[in-house]
Amino acid sequence: MVAYGPMPRRLLLLLLLLGCGKTPQPVAIERASILLVTLDTTRADAIGPEAKNVDTPAYNALAARGLRFRQAYTTVPQTLAAHSSIMTGLYPAGHGVHENGRYLSQKVPLLAEQMKSAGYRTVAFVSAFALARRFGLGRGFDVYDEDFGNGREERTAKETTDRVLGYLGRQSPQPLFLWVHYYDPHYPYTPPEPFRSRYAKQPYFGEVAFMDEQLGHLVQAFEQQVRGSKAIIIVGDHGEGLGEHGEAQHGNLLYQATMHVPLLLLGPGIAPGTTDAPVSIRRVFHTMLDWAGLDTAKSLRGSDQEVVVGEAMRPFLDFGWQPQVMAIEGRFKTIAAGQIEVYDVIADPAEAHNLAATANLSRSVRAALKDYPLPSLEAPHATTDEERRKLASLGYVSATTKPVVRPDAPRPADMVRLFDVLDRAASLFVREQYAAAIPLLERILKEDPHNLDSALRLATAYSSLGREKEAVAAFRKAEAIAPDSEDVRTYLALHYARTRDWPRAVPLLERIVAESPDRLPAVEALAVMRQRQGRIGEAIALRQKIYSQRTPTTRELVQLGELAMATGQTAAAIDAFEKAHSDHDLELGVLYLAAGRLQDAKEALDRVPPSHPEYAMALFKRAQVSVLLQEPDHASRIEAARHHADATTRELIARERLFR
Ligand SMILES: [Zn+2]
């Protein structure tokens, strides 16, 4: 049993007075070290002493010692957006992330930043690419472990736990903020043995049971190895539909299956028990600040009540369907999504009986729904193709178009038959499996004719397969849905760029890039066009611009280096080859020599191995450098260049005045 001692505020005050910006001193403080465990895709009724269909002994043992919130709600049923609320204390309307594959703004302060500046060691272990550092949650963490191994996009609770256990051995005088994210219950459900057999008919619960076992190992290690006062928070990021209300997974609706999550606290000031007060998972943020001694406002340790709000904007953002907001007060949940639904979630957790006709909404609930801001209709953030493919392999694909405001916007709850088709079509599209995506996209447009994202994906699929007539017809349809849309123009331009008609793409791309310089696909297409037009200088400038906004591959850098080298742009070529960090020492040597950087040239050329196919050239260049540097052995270097000369260098050597 671990002692969760009270927080020594005096010591904390001392630390604050000493100032945190100075050289870190090992300060003997006794603030709580905190373990935050986020359980991905874990329904409230799938874990804990009241769970049906599954045994979770580790969680149950903790629940017996802690405070269990029986009415905890996520802010949004998607991984990155929900975690963004946990890490900022804000609803999605505040932090701006409404779905996966978006970037959390640098301007939003994060929990880890505050913990770190208060003297905490901040360490995170995440288990899926959806939470990769590049999406913005890594700020403020000393360690952000996202190594899933071998190009995988996720790892199991065991793999993650083993990494954490390896880390926990290190002792430090600082208090620890440790965030561990488990991803196992996410689709597809493939628990290892013995859970696979034990839950053969319900593999989702098998994943939860496996995760629970690992949670037990994790908590035991945390309690045994971390010194001082300790606190633990376990929280779900969202649930899983499992077919309820027609939703198999999560993200598109606001019903209990995906919004109601487990939440458990153990720590200073927490009396064991349960509570039915509805709370938002965003208050994990405030509770952590409380335990860190920074701020007690909205801490779950206190008794603050608020109307709990949540949203599911993905169908709105991606397809132009009705935006969805919910508000929970006491036992009643109100959903506003084109029409109002009211449920008594205590008596009717399946939300089978809509009480809207007789319910009297309180002023605070009405205000919460009315005041909740809609996401702005700006163009989505630019994720790269690679990021989209990785997200697709986790089952997440979001639109790449700016949503249109649709007068015919359907209620998402009325469109459940399309959820699976939309996901599969988007995933196939992102993986460039266009032939397989086309029939699904055709079906979506038949049932939801004003779905701009699907219309553009269909047009692009035809275009990529060289079916130009069908592509143009689909583009006409997209233009009818969204006249004067920059998305339509962009995709049409990318279509022309693929065809013999490519000169028609040029003016379109010029306009798009002038109006929206951050639209990387358009900038990339224009770079290709410029190269075809022989306007190499402009092509190079565009590529440099692209690579300043996203990380280029080694191959792209080498191509840029070669392009710049061929057109005599020495500085640009050196920059590209240096960033490529690959075996281009010969090129670099030649370029450094051209730039008069003799010492750099010497070192680069010395790195060229004799096995290099153009080793003769390397020796020739090295001899030139040797003469220019007036090295004592320059004569023998000229001799070596002559001795190993090939047809090209023989002539160059013969003409080289430096060698006379
Ligand atoms: Zn999740």
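**Entry 1: cores.** I began with the largest nonpolar core: among its 112 residues, Leu452 and Leu509 touch the most other members. For the term, I took a nonpolar core as a set of buried Ala, Val, Leu, Ile, Met, Phe, Trp, Tyr and Cys residues joined through side-chain atoms within 4.5 Å. Buried means under 20% relative accessible area, exposed over 50%, and partly exposed in between, with a 1.4 Å probe and protein chains only. Next I listed the contacts (heavy atoms within 4.5 Å) of Leu509: setting aside neighbours within four places in sequence, they are Ala493, Ala522, Ala525, Leu526 and Met529. Apart from this core I found another one of 53 residues, including Ala72 and Ile281.

**Entry 2: ground rules.** A friendly reminder to myself: this is a predicted model, where local features need pLDDT of at least 70 and side-chain atom pairs count only at pLDDT 80 or more, while totals for chains, interfaces and linings use all residues. Residues are numbered from 1 along each chain as its sequence is written, and side-chain values use heavy atoms, with hydrogens and water left out.

**Entry 3: whole chain.** I counted helices and strands as DSSP runs (H or I, at least four residues; E, at least two), numbered from the N terminus. The chain has 28 helices and 15 strands. Of its 660 residues, 55% are buried. The C-alpha atoms fill a box of roughly 95 × 70 × 50 Å along the principal axes.

**Entry 4: zinc.** Which protein atoms are the donors of the zinc ion? I found Asp40 (OD) listed twice, plus Thr79 (OG1), Asp237 (OD) and His238 (NE2), at 2.0 to 2.8 Å from the ion. Donors here are N, O and S atoms within 2.8 Å of the metal (3.2 Å for Na, K and Ca); water is not among the atoms, so sites may look incomplete. Along the chain, the spacing reads D-x38-T-x157-D-H. Thr79 sits in helix H3 (residues 79-88) and His238 in the loop between strand E7 (230-236) and H9, so this pair ties together parts 159 residues apart in sequence. Thr79 and His238 are both buried.

**Entry 5: Arg411.** Is Arg411 buried or exposed? Its relative accessibility is 15%, so I logged Arg411 as buried. Arg411 lies in the loop between helix H13 (385-393) and helix H14 (416-430). Not counting residues up to four places away in sequence, Arg411 touches Tyr255, Gln322, Ala337, Gly338, Gln339 and Glu341.
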